[in-house]
Structures are given as structure tokens and as C-alpha cells.
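Biologist: I would like to learn how to read a protein model. Could we take it one feature at a time?

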Amino acid sequence: MRRRQFLLNTAAGGAGMTMSVSAGALTQLAATPVTGFPALSTFAFESVTVDRRGHVTARSVHEARYFTQTLNGSGSLDMIALDGSLAMVGSTDGDHSAGTYECAPQCVEVESLYLGRTPVTQDQWRAVAALPAISRELVLEPACFTGGKHPVECVSWDDAAEFCKRLSVDSGRNYRLPTEAEWETACRAGTTSAFHVGPTLTSELANYSARHAYDTEQPGTYRRSTTPVAQFAPNAHGLYDMHGNVWEWCADAWQDSFSDRGAQASIGESKRRTLRGGSWADAPAKLRSASRTGYAADSLNRIIGFRVALSLSPA
């Protein structure tokens, strides 16, 4: 059986655990200007809030700061500037289907960083995968669902780490995978509800298996594949697809809980790494802002992709 056919016939493995947050509003910490980074541009966008039935109750206009990173002289990706923050992460008694590996709410301090506006797309992957190898070879066309603007999937944690290495060398900047704490804080964008849109989710707001309801919303569309990125409303930071489409690799080695780690990633050699965000194939409980699971670092799956982070320190 060919590699792509095999992966199309497999579903998500791994622990499939979930975790959600309840806590006080995010406190912003001023970002420190860094020499060598481009001036930031801005874009305006609208985020939405829904009630338990999935009805939109509010629309808010925001402005995000970003710069555009050129990829191998051809493609590009937008990196959103996120100020350092104090935020709460962890599961609460009000979360539906909270998993065994979820921890109680805790406050973490996350330093300023840039985070990809969307998961890495297949076009972006192809541009960086064509750069010289650093630690391993990369397949130019790994995805099971083809489409240049669709998120890349069927890439391992090792592949994602190699992508970051190549981009760092090519750009002279310190690209990497985000930590769990960075990912969850970015996803929440100051919210304390199960999802950044509110207490539930609908298929008009994310790509997931909406045959399953999370609260009192009506069942919705199950698309059975990835969708092009940025098709749904972003969160209040201007980040798209933080819920659903593909699970996203984080830097952390998998542990049953990160309750004692704070904002620090559990880094090191590990056969399992942490995933966040849920996918097109998952029920909504897996898409909660703090949902987490582990998966073998060298494995491929059609529901797993990643987005990149960028430290403010030089490469």
C-alpha cells in the first residue's frame, strides 16, 4: 500500500486527552523592541463571541501587528506579534469531557513572541523543504489532502523541527515550535471560556466533526478533510485555525501534566510530543483551548500539522 493511501486509511492515534482553562483575564506585558527585526505592519479583523447555543452574540474589531517572513525567496508567512502576558491555563469543573491529563488552573507568564498567523500551509512547506537539509531530509509533498493553501499534514514532530531549523538558517531568525503554555495562551487571547469564541463551537467557526455537539448548539457540517487556512473567524489576536483543521505539534515532550512546569517547555529527547488544537476529524471537546494529547514524535498522521513560533532573541 502506498504511503498516502495508508495514511488516508488511518485515524488519529495517541492519548486523545483534553484540557481547558478557566481564569482571570490575560494581563499584557510590554514587548521589548529587538534590533534586526522588520517594522511591523497592521491589519484589522473581526472576531466573534457565541452563546451556548452557538448563536453569535457579539462581534469585535481588532488590530494585529505582524511582519511577513519570506520563504526561500518565493513564498511567505505572516508572523503575529504577541506581547508577553500573565494568563491562566488549566481545566475547570465546568469543562465538558475534561481529560485525565488535565491540570487545575494555574497562572503562567509567557514572554513576548511571534506566532504564525495560520498553520503552515502546503505551499509554505514546499518552499522551506526545498532548502538544504540540516538534520534530516524532508518530503516535498507529504500531505494526504492536497491544496497549496491547505495546512500541511502527515508531517512528524521531527519533520516540523527540521522545517524550523531550515527556516532559521535561511532567515537568520530563531524559528521554533511553540511551547504548550505559549500555544494555549495565544489560542485563548484573553478568554477564559472553553473556546476562544465562547462556551461552545459551531461548524461555521471551525473545521471539525460537527456531527457531535459540545453544548446546546445544533449539529453542523462534518467536512471530512482539511480546509484552506483562514476560512473562519480568527481569535482576538488575529490567529486563524487555533480550533480544528489540524492538530499542531508543540515543542514539549509529552508529560501527563504540565501543571508544575509553568511557561517552560518540557524539552529533550522523547518518543512522544504534545499536540494542541484538535482537527477536522475530532469531536468539539478535543478542540477546547486547553485540550492536549501526545503522539509519537516520528509518526505521521493526516490530522497533524503545526505552526511556527519565533523568539525575539537572535538565532
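**Reading the model, feature by feature**

Modeller: Begin with a helix: in α2, the residues Gln122, Gln124, Trp125, Ala127, Val128 and Ala129 are buried. Keep in mind that this is a predicted model.

Biologist: Is helix α2 as a whole enclosed or open, and why?

Modeller: Buried here means under 20% relative accessible area. Helix α2 spans residues 122-129, and six of its eight residues are buried, so the helix is largely enclosed by the rest of the structure.

Biologist: Which elements do the buried residues of α2 pack against?

Modeller: They pack against two strands, β3 (56-71) and β4 (75-82), and against the helix α3 (157-171).

Biologist: What does the protein chain look like in overall numbers?

Modeller: Its secondary structure comes to four helices and 13 strands. The chain has 315 residues, of which 55% count as buried. Contacts can be sorted by how far apart the partners lie along the chain. Taking the contacts with a separation of 6 or more, 73% are between residues 24 or more positions apart.

Biologist: Now a sheet. How do strands hold to each other in general?

Modeller: Strands of a sheet pair through backbone hydrogen bonds, and the pairing is either parallel or antiparallel. In this model, one open sheet has four strands in the order β11-β10-β9-β12, and its pairing is mixed. Strands β11 (292-296) and β12 (304-305) are the edge strands, as each pairs on one side only.

Biologist: In which sense does β9 pair with β12, and over how many bridges?

Modeller: Strand β9, residues 247-253, pairs with β12 in the parallel sense over two bridges. Residue by residue, Trp247 stands opposite Ile304 in β12, and Glu248 has Gly305 of β12 as its bridge partner.

Biologist: And how does β9 run relative to β10?

Modeller: Those two run antiparallel, and three bridges join β9 to β10, which covers residues 272-276. There, Ala253 stands opposite Arg273 in β10.

Biologist: How many residues of β9 are buried?

Modeller: Seven of its seven residues are buried, so to read it in words, β9 is mostly covered.

Biologist: Can we look at residues on the edge strand β11 too?

Modeller: Thr293 is found in strand β11, and Thr293 is buried, with a relative accessible area of 2%. Tyr295 is also found in β11, and Tyr295 is buried at 11%. You can also ask which parts of the chain come together in space. The C-alpha atoms of Thr293 and Gly278 are separated by 9.1 Å, with these positions 15 residues apart along the chain count. For Tyr295 and Ser156, which are 139 residues apart along the chain, the C-alpha atoms are separated by 9.4 Å.

Biologist: Next, backbone angles. What sign does phi have in most residues?

Modeller: Most residues other than glycine have a negative phi. Ala189 is not a glycine, yet its phi is positive, about 50°. Asp241 is another case, with a positive phi near 60°.

Biologist: Where do Ala189 and Asp241 lie?

Modeller: Ala189 has its place in the loop between α4 (180-188) and β9. Asp241 lies in the loop between α4 and β9. Ala189 counts as buried because its relative accessibility is 14%, and Asp241 is buried at 8%.

Biologist: How many disulfides does the count give?

Modeller: The count comes to zero disulfides. As for the cysteines, Cys164 counts as buried at 4% relative accessibility, and Cys187 counts as buried at 0%.

Biologist: Last, pockets. What is the volume of the largest pocket?

Modeller: Its volume is about 330 Å³. The pocket is lined by 14 residues, and those closest to its centre are Trp157, Ala161, Lys165, Arg176 and Leu177.

Biologist: Which element gives the largest share of the lining, and what kinds of residue are in the lining?

Modeller: Helix α3 gives the largest share, six residues. By kind, the lining divides into six nonpolar, two polar and six charged residues. Helix α3 has thus come up twice: it lines the largest pocket, and the buried residues of α2 pack against it.

Note on methods:
Residues are numbered from 1 along each chain as its sequence is written. This is a predicted model: local features need pLDDT of at least 70, side-chain atom pairs count only at pLDDT 80 or more; totals for chains, interfaces and linings use all residues. Side-chain values use heavy atoms; hydrogens and water are left out. Buried means under 20% relative accessible area, exposed over 50%, partly exposed in between (1.4 Å probe, protein chains only). Contact means heavy atoms within 4.5 Å. On a 1 Å grid over the protein atoms alone, a cavity is a set of points where a 1.4 Å probe fits but cannot get out, and a pocket is an open set with protein on both sides within 12 Å along at least five of seven lines; lining residues have an atom within 4 Å of a point. Grid points are joined across faces, edges and corners, and a volume is the space filled by probe spheres set on the points. Ala, Val, Leu, Ile, Met, Phe, Trp, Tyr, Cys and Pro count as nonpolar, Asp, Glu, Lys and Arg as charged, and the others, Gly among them, as polar. Two strands pair if DSSP finds at least two bridges between them. A disulfide is a pair of cysteine sulfur atoms within 2.5 Å.
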